[in-house]
Amino acid sequence: IVMLDETARHEALEALTRQALFDELTGLPNRNHAVQSLERLTAAGTPLLLLSADVDRFQLINETLGPEFGDRLLHALGQRLLAHMRHSPHPSSVSRLGEDQFLLLVEGLEAPEQAEILARKLLEATRLPLRLDEQELTVHLSVGLALSPRDGRDAATLLRAAESAMHRAKQIPGSAFALFDPQLDKRARSMLQAE
C-alpha cells in the first residue's frame with residue numbers, strides 16, 4: 001500500500017512538473033522553462049543568441065479556419081522549428097512563449113553576422129508550406145534577434161531586446177528578421193516617457 005501510494009504521489013508530482021514547464025499544445029518547453037534556462041545561461045556568462053519568433057496574421061487563421069486548426073498549425077510549426085534547430089552545430093532549444101510566439105535559444109553565438117545567417121536559414125526552412133488535411137499554408141514569421149552579452153546580460157533585458165527587435169521585424173512585409181538596435185530602443189523609451 002505504501003509503495004502504491006508513493007508511486008501515485010511520484011506520478012502526480014511528475015505531471016505537475018510537466019504542466020509547469022511544458023506547453024500542453026505543442027509539447028515544447030513553455031515560458032517558465034525558457035526563462036529558467038535563460039537565467040541560468042546569462043548568470044553563467046554564456047554567449048548566446050535569442051530569437052523571438054511570432055506568426056504573422058495568426059488571428060486571421062483562427063477566425064477563418066477555426067481555433068482547432070490554429071492549434072494544429074502551431075503544433076506543426078513547433079515541430080518544424082525543432083527539427084530545423086536539431087541541425088544547428090550549437091546547443092539550442094525551442095520553446096513556446098504563448099499564443100503564436102516561439103522562443104529559440106542558441107548557445108555560443110555572439111556575432112551579429114552569425115545571428116543573421118542563422119535567422120535567414122530559419123526563415124527559409126519555415127517558408128515551405130505546412131500541409132494539414134487538405135489545407136496547405138505558408139506561414140510568415142517575424143523574428144527578433146538579441147545577443148548576450150551585447151544586448152543584455154540578464155534574462156529580462158535579453159527577452160525585452162528580442163521582443164523589441166521582433167516588433168521591428170513585423171513592420172517588414174512577409175517573413176523577416178531584425179537585429180536588436182539599442183538606438184531605436186532608446187528612441188521608443190523616450191517616446192513612451194513623453195507620452
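Author: Contact here means heavy atoms within 4.5 Å. The model is predicted.

Reader: What makes Leu49 a contact of Leu104 and Leu145?

Author: Leu49 touches both, so heavy atoms of each pair lie within 4.5 Å. Leu105, Val106, Leu109, Ala115, Leu118, Ala146 and Leu147 are also touched by Leu49, leaving aside residues up to four places away in sequence.

Reader: Why is the set that includes Leu49 called a nonpolar core?

Author: Its 33 residues are buried and of nonpolar core types, joined through side-chain atoms within 4.5 Å, so the set meets the definition. This is the largest such core, and Leu49, Leu51, Leu141 and Leu145 have the most contacts inside it. Among the elements giving two or more residues are strand 1 (48-55), strand 3 (101-107), helix 5 (112-127) and strand 6 (141-148). Helix 4 gives the most, six residues. Another core, of 16 residues, lies apart from it and includes Leu41, Leu48, Leu50 and Ala161.

Reader: Why is Arg57 called exposed, and Glu99 partly exposed?

Author: Arg57 has a relative accessible area of 55%, and exposed means over 50%, so the term applies. For Glu99 the value is 46%, between the 20% and 50% limits, so Glu99 is partly exposed.

Reader: What makes the backbone at Arg57 and Glu99 worth noting?

Author: Most residues other than glycine have a negative phi. Phi is positive at Arg57, near 55°, in the loop between strand 1 and helix 3. Glu99 also has a positive phi, near 35°, and is found in the loop between strand 2 (92-98) and strand 3.

Reader: How do you know that the peptide bond from Ser148 to Pro149 is cis?

Author: Its omega is near 15°. Most peptide bonds are trans. Pro149 lies in the loop between strand 6 and helix 6 (155-170).

Note on methods: Residues are numbered from 1 along each chain as its sequence is written. This is a predicted model: local features need pLDDT of at least 70, side-chain atom pairs count only at pLDDT 80 or more; totals for chains, interfaces and linings use all residues. Side-chain values use heavy atoms; hydrogens and water are left out. Buried means under 20% relative accessible area, exposed over 50%, partly exposed in between (1.4 Å probe, protein chains only). Helices (H or I, at least four residues) and strands (E, at least two) are DSSP runs, numbered from the N terminus.
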